[in-house]
Structures are given as C-alpha cells and as structure tokens.
Amino acid sequence: MKKIHSLMMRVILACALLTGAALPVSEMILASDASVDKMEVHFIDVGQGDSTLITCGGSSMLIDAGDDSKGTAIQNYLQKQKVKKLDYLVLTHPDADHIGGAPVILTKFEIGKVFVSNYEKDNKTYLKLIQALDQKRLKSTTPKVGAQYALGSAKITILAPNKKYENPNDASIALIIENGNNKFLFSGDAGEAAEKDILDGKTDISANVYHAGHHGSRYSTSEDFFQAVDPDCAVISCAQGNSYGHPHAETLNTFRTNGVKVYRTDEDGTIIAVSDGKKITFNVPASDTWQAGEPTGSSRDSKKDTVSAVRKQDSSPASELSYVLNVKTMKFHKPSCNSLPTENRQDTSESRDSITAKGYVPCKRCNP
Ligand SMILES: [Zn+2]
Ligand SMILES: [Zn+2]
C-alpha cells in the first residue's frame, strides 16, 4: 500500500509536470526524495516505562519521559545526541512510567510545545509535572485528533485521545509520524477501547514500525487495531523481569504469527531506528527469543531453570571466555550470544574489567 501510494504520487507529479497543472505543496514534497531528511527514532531504555526521542532535520520531539528515577538519564542521553531544544514534548498520559522524568526534562531543556492527555491525575507525580510547567511558564495543551505538525521533513498526525476515558491508559495521546514513505505509530498505553476509537476515525494508520501499545500488554494491540497498523516491525519498551509480565505472550504471538520483527529494550537496551524516507534501519538485530515477561506455567519455569543452568556453565572459568565487541554500539557479548554483530565486530581475549573500563556495556541478551 505504502509503495503504491508513493508510486501514485510520482505518477501524479509526472502528469502534473507534463500538463503544467499545479500541485499542492505537500504532495510535491512527498514525491521528491531530495527533500526528505534523515529521521532518527531512539527508543530509550528507561526500564519499565516509555521514552522515545525523534530527531529530523534539526528538530526534535520527545514522547514520554520514563519514571521519576529516569529524568537525569534521559537528560544525559539527549545531551549526548546534541539536543538543546525539544520542539515537542509529548506526555501520552499521566502514569508515572511516562511522566515521572518530565520535570527534569522541562527544567533542563528549551521546550516548544507541550502536549498532554485530557486525563488529570490527583497524585504527587502529576502535581510535580504541573509545578514544573508553571515554573517554566509553559502551557500544555491536548492536541486535537487530526491535527498535523511538522518535524523536519516528517509529518505528525494526532490520532487520539478521541474522548474522555475512565482509564488513564485509554486517554493516551496516539500519533503517527510519516517521513517520506516511512511511518511510525505510537499509541502510549491505549487499550482496546481507545484503539477502537482510533479505528473509527478512519485515518490510515498503517505503519512500518509500531511502538507496541502498553509495553506489549495483552490489553492493547487488539486484533483489528493490529491488522490496521499492519507493521513490519514492533518495538517493545519494558524492563527485564517487570512485575506486569510485559510483554505478554498473546502480543508476542500476534507479532510472531504475522512475521513482525520485534525489537525490545529489555533485551537490547536503547534501540535506534533510522529512516531515510525509503528504508528504515535498526542498530540491533531483531529479537528471536519470543520470551514473554510473565511465567505461563510449569513448562516455562523449567525452561527458565535450563537457561540459568546454562548461564552458570558459561561463566565458569573453564570456558576460557573471551568476548565479542561491537565497536560501533559499544556493546560486548559472549561468543555464544545469538545477536552477535555482523559488522563492526572485534573479538577479544581481554578481561571483562578492561573492556568495561573502555566504556563497553554488556549485551542484555547474553549477560556476559
Ligand atoms: Zn506505561
Ligand atoms: Zn499507563
């Protein structure tokens, strides 16, 4: 569908040039590859929570800011990416794992627009956010469904919230970002009811990359919604061993049976997707563990035991461990890891201490 659309645009443009007919500017931009900026989408590892930085053509947007223990880590990450100003700060909904770190971000960065959900919470975390906004004299608004915003060459379209909800998750701001032919969908923690309301809006929500709703919970990514998004890839933001059991097995099954590539912050840390308007590249290989966050009965428990037994064996001195480095992402792996780098690989017999002293961080899959 997406390809056909782009092809159609080119045909329209070619026809327009031949006939001398004028085209709306937006359509001409879509048809011309030269005007598409590089867009980077950083799914920042904030443990159990969400925080995604999107940069495009010198503009930047942060969607959510993790819990209150992650504000400074996100600040450091943004500064490393040379972000000085956030053109948009989107706080999908007022749960602590999405807004907790926001006061730090509000204090430390110049901020353009602040978008919040239409759900107001009466707790400390929410009050701290309101105070931080007041101190910066920033006004927050709930964006209207259908409203569009520019981020470099990328176009953001608001999909939700479509009404007021009883559940803060359902009140999440959802949006789709389109850069050239590449589309990314974010829906916060919106559950099935809110997903249905998005579908009723009849907007095309098909996307290449789907930021899995509610950390891969079974209460999001309902069948109809998933079919409409029809993603090639899904990114799940969650922490290893989180108490909610995210991601749930049902969601992983939906992805697996539909051939969706899955990327997970609990396994790989921060995940970066780069879009050039035509193709999207990830900084890590897709996950192949299909490991749900929750134990689902005895068979899984026994599998866990096997895994930990293998781990013990691996770390015994008899295995003469050397490590595999990725000199680009600065991660190090056990030689037996199933996500060893194919590029930028360097094998080493150095000690773990000397590798970490150089700034390498352990791969979360193989725990070297
Ligand atoms: Zn959440
Ligand atoms: Zn939530």
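A search of the whole structure, which is a predicted model, finds 17 salt bridges. One of them joins the side chains of Lys85 and Asp87, with 3.9 Å from N to O. Lys85 has a relative accessibility of 34%, so it counts as partly exposed.

Glu267 takes part in salt bridges with two arginines. With Arg264, the closest N and O atoms are 3.6 Å apart, and both Glu267 and Arg264 are buried. With Arg365, the N to O distance is 3.8 Å. This second pair links distant parts of the chain: Glu267 belongs to helix H10 (residues 265-268), while Arg365 sits in the segment after strand S19 (361-362), 98 residues apart. Arg365 is buried, as is Glu267. Through shared partners, salt bridges connect Arg264, Asp266, Glu267, Asp268 and Arg365 in one network.

The next part to look at is the pair of zinc ions. The zinc ion (ligand 1) has as its protein donors Asp97 (OD), His98 (NE2), Asp189 (OD) and His215 (NE2), at 2.1 to 2.2 Å. Along the sequence, these donor residues follow the spacing D-H-x90-D-x25-H. The angles subtended by the four donor atoms run from 87 to 151 degrees, and the arrangement is therefore irregular; a tetrahedral site would need all angles between 85 and 135 degrees. Asp97 lies in helix H4 (residues 96-99) and Asp189 in the loop between strand S10 (182-186) and helix H7 (192-200), so this pair ties together parts 92 residues apart in sequence. Asp97 counts as buried because its relative accessibility is 16%, where buried means under 20%. Asp189 is buried too, with a relative accessible area of 3%.

The zinc ion (ligand 2) is bound by His93 (NE2), Asp95 (OD), Asn169 (OD1) and Asp189 (OD), again at 2.1 to 2.2 Å. The spacing of its donor residues in sequence is H-x1-D-x73-N-x19-D. Here the four donor atoms subtend angles of 84 to 171 degrees, which makes this arrangement irregular.

The two sites meet at Asp189, which coordinates both the zinc ion (ligand 2) and the zinc ion (ligand 1); the ions are 3.5 Å apart. Asp189 and Asp95 also link distant parts of the chain, with Asp95 in the loop between strand S4 (85-91) and H4 and Asp189 in the loop between S10 and H7, 94 residues apart. Both of these aspartates, Asp95 and Asp189, are buried.

Notes: Residues numbered from 1 in each chain as written. Chains lettered and ligands numbered in written order. Predicted model: local features only at pLDDT ≥ 70, side-chain atom pairs only at ≥ 80, totals over all residues. Heavy atoms only, no water. Donors = N, O, S within 2.8 Å, 3.2 Å for Na, K, Ca; no water. Tetrahedral: all angles 85-135°; square planar, octahedral: opposite > 155°, others 65-115°. Helix = DSSP H or I, 4+ residues; strand = E, 2+ residues; numbered from the N terminus. Buried < 20%, exposed > 50% of the residue type's maximum accessible area, 1.4 Å probe, protein only. Salt bridge = Lys/Arg side-chain N within 4 Å of Asp/Glu carboxyl O.
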